[in-house]
Amino acid sequence: MLKTLTVSLSDRSYPITIGEHTLTNFEYFKLKPGQRVLIATNETIAPLYLSSLTNMLEQNGIKTDHVIVPDGEQYKTMETWNIMLSTLLKNNHTRNSILIALGGGVIGDVAGFAAACYQRGIKFIQVPTTLLSQVDSSVGGKTAINHPLGKNMIGAFYQPQSVVIDLNCLKTLPMRELSAGLAEVIKYGVILDSAFFSWLENNIDALLELKPSAMSYCIYHCCKLKAQVVASDETEQDMRAILNLGHTYGHAIEAELGYGNWLHGEAVSVGILMAAQAAKLLGHFTESDIERIKNLLIKAQLPVARPPQMSAQSYIPHMLRDKKVLSGKLRLVLPTKIGHVEVINDVSQDIVLKSIELC
């Protein structure tokens, strides 16, 4: 069941390994005895996997330290980033040290940004433990922290040395977190692969039940799709923007309600539907395809209605701070059919407001 693929970025290419018990297999970490490692993790993951990872590394001659930070999107902050940097400094880590991110998207993003900044850059390894991080955030080198005015506004493109995905970590994942990860999975089908979207329609129950063969195929396929996009546009100058389907709307929900109140995947779920509605209003998308997406999101136990406490107008200030905005003009990733999207420039606020109100 072990699957491997490569993110092809010339001399910065790196492997992704997907399987069971990979977290305790030294071979997949591409380390050498005598190297020093700082493991960054959170209060939820540490009791589950920190000792296993630490013991495996130390048995293979790796010197380890660790830092444990609070769990949650609300801690994806400069304070958490500074804790990681301070731990590296206090333990006299050098440019030859390696930072291992053991956790979900928050840990991966903050630790990756810390690695990018410490002594102007040290190597790091992603060990994602949530479905969302396994299929999306651990791959591609986007690292960041949040700001009260906007999500992921402070960060860097900084690629890991390797990504080690252990399917067994999903067994300890709460159902709400599993569903949140499925939002990013469904996104890949909408933007890039209609056949994969159809596969999801037929296999969503198997994924919710963590059937190993279905989950292994799903994660591999998502990583493969993302690796292809990243290889063609590493720093999001063009094509990589398509990976943000639903995110401009979703980030507005997260920022307005307070990070962590809605999970990222939950906000993206509603954001995908809002984008689909905007595409329909512009004459690019059909009602029947909207219904297919909505039904699949519902089967994945994801929200399909906007937060009732948010007015449509409240989205606009957040969306205007989105990184895709050019010269004050809203640019949105919108589907034209299932399996294909386009970046539409200068979408009117009237269309955006109507698309929000329809959800």
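Let's begin with the rings: this structure, a predicted model, holds 5 aromatic pairs. One of them brings together Trp 199 and Tyr 217, whose ring centres are 4.8 Å apart. Their planes meet at 55°, so this pair is tilted; the stacked label is kept for planes under 30 degrees apart, and edge-to-face for those over 60.

Now find these two residues along the chain. Trp 199 belongs to helix α6 (residues 194-208), while Tyr 217 belongs to helix α7 (residues 212-232). With their positions 18 residues apart, the pair links distant parts of the chain. Phe 196 joins in too, as ring pairs link Phe 196, Trp 199 and Tyr 217 into a cluster. Is Tyr 217 buried, exposed or partly exposed? Its relative accessibility is 32%, so Tyr 217 counts as partly exposed.

Rings can also have a charge for company. Look at Tyr 220: the charged end of Lys 3 sits over its ring, 5.6 Å from the centre. In a similar way, Lys 187 places its charged end over the ring of Tyr 188, 4.7 Å from the ring centre.

Let's step back to the whole protein chain. Its secondary structure comprises 12 helices and 11 strands. The radius of gyration is 20 Å, close to the 21 Å that the globule rule gives for 359 residues, so the chain is as compact as a globular protein of that length. The C-alpha trace spans about 60 × 40 × 40 Å along its principal axes.

Inside and outside come last. Of the 359 residues, 60% are buried. On the outside, the chain exposes about 14200 Å², and carbon and sulfur atoms supply 50% of that area.

Methods: Residues are numbered from 1 along each chain as its sequence is written. This is a predicted model: local features need pLDDT of at least 70, side-chain atom pairs count only at pLDDT 80 or more; totals for chains, interfaces and linings use all residues. Side-chain values use heavy atoms; hydrogens and water are left out. Rings of Phe, Tyr and Trp (its six-membered ring) pair if their centres lie within 6.5 Å; planes under 30 degrees apart count as stacked, over 60 as edge-to-face and the rest as tilted. Helices (H or I, at least four residues) and strands (E, at least two) are DSSP runs, numbered from the N terminus. Buried means under 20% relative accessible area, exposed over 50%, partly exposed in between (1.4 Å probe, protein chains only). A charge sits over a ring if NZ of Lys or CZ of Arg is within 6 Å of the ring centre and within 35 degrees of the ring normal. The radius of gyration is taken over C-alpha atoms; the globule rule is 2.2 Å times the number of residues to the power 0.38. Accessible areas come from the Shrake-Rupley method with a 1.4 Å probe; for residues, only the protein chains shown count as cover.
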